[in-house]
Amino acid sequence: MADAVDVPIRDESIRLGQFLKLANLIESGAEAKEIIADGLVSVNGEVDVRRGRQLHQGDIVSIDGGPSARVVNGGGW
């Protein structure tokens, strides 16, 4: 997970489904719902099936062991 790309968020937290789109790990909310429900998304190395999970500074999200993105505060969308 050391190769995670830093993705700045506007607020102090963001929902998992929103973050997947913001980080360009997926293309749509429907795709986020599907891959999360299928258990393909990991947060900090553990599978999470909650699309509404709140992510915070430093959390690392990856899809099926593939691309990873790290939540960082202080940017915007």
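**Close-ups of a predicted model**

**View 1. Strands β3 and β4 side by side.** In this predicted model, β3 and β4 run antiparallel to each other and are paired over two bridges. Look for Val 43, which sits opposite Glu 46 of β4. In general, strands of a sheet pair through backbone hydrogen bonds, and the pairing can be parallel or antiparallel.

**View 2. The whole sheet.** Zoom out a little and you'll find an open sheet of five strands. Read across it and the order goes β1-β7-β6-β3-β4, with mixed pairing. Which strands are at the edges? They're β1 and β4 (46-47), and each of them pairs on one side only.

**View 3. Ser 42, tucked into β3.** Back in strand β3, pick out Ser 42. Is Ser 42 buried or exposed? Its relative accessibility is 14%, and the cut-off for buried is under 20%, so Ser 42 counts as buried. Setting aside residues up to four places away in sequence, Ser 42 touches Val 47, Ile 60, Val 61 and Ser 62.

**View 4. The largest nonpolar core.** This core has 19 residues. Which of them touch the most other members? That would be Leu 16, Phe 19, Leu 20, Val 41, Leu 55 and Val 61. Several elements chip in with two or more residues: the helices α1 (16-22) and α2 (29-37), plus the strands β1 (5-9), β3 (41-43), β6 (60-63) and β7 (68-73).

**View 5. Leu 20 and its contacts.** Now centre on Leu 20, one of the core residues just named. What does Leu 20 touch, if you skip residues up to four places away in sequence? The list is Leu 25, Ile 26, Ala 32, Ile 35, Ile 36, Val 41, Val 61 and Ile 63.

**View 6. Leu 55 in strand β5.** Leu 55 belongs to strand β5. With a relative accessible area of 0%, Leu 55 is buried. Leave out its neighbours within four places in sequence, and Leu 55 is in contact with Glu 12, Ser 13, Ile 14, Leu 16, Phe 19, Val 43, Val 61 and Val 71. For a sense of scale, take Ala 37, 18 residues away from Leu 55 along the chain: their C-alpha atoms are separated by 17 Å.

**View 7. How confident is the prediction?** The protein chain has a mean pLDDT of 91, and 94% of its residues reach 70 or more. Among its elements, strand β5 (residues 54-56) has the highest mean, 98, while α2 has the lowest, 94. A general reminder: where pLDDT is low, don't read the predicted coordinates in detail.

How values were computed
Residues are numbered from 1 along each chain as its sequence is written. This is a predicted model: local features need pLDDT of at least 70, side-chain atom pairs count only at pLDDT 80 or more; totals for chains, interfaces and linings use all residues. Side-chain values use heavy atoms; hydrogens and water are left out. A nonpolar core is a set of buried Ala, Val, Leu, Ile, Met, Phe, Trp, Tyr and Cys residues joined through side-chain atoms within 4.5 Å. Buried means under 20% relative accessible area, exposed over 50%, partly exposed in between (1.4 Å probe, protein chains only). Helices (H or I, at least four residues) and strands (E, at least two) are DSSP runs, numbered from the N terminus. Contact means heavy atoms within 4.5 Å. pLDDT is the predictor's confidence in each residue, from 0 to 100. Two strands pair if DSSP finds at least two bridges between them.
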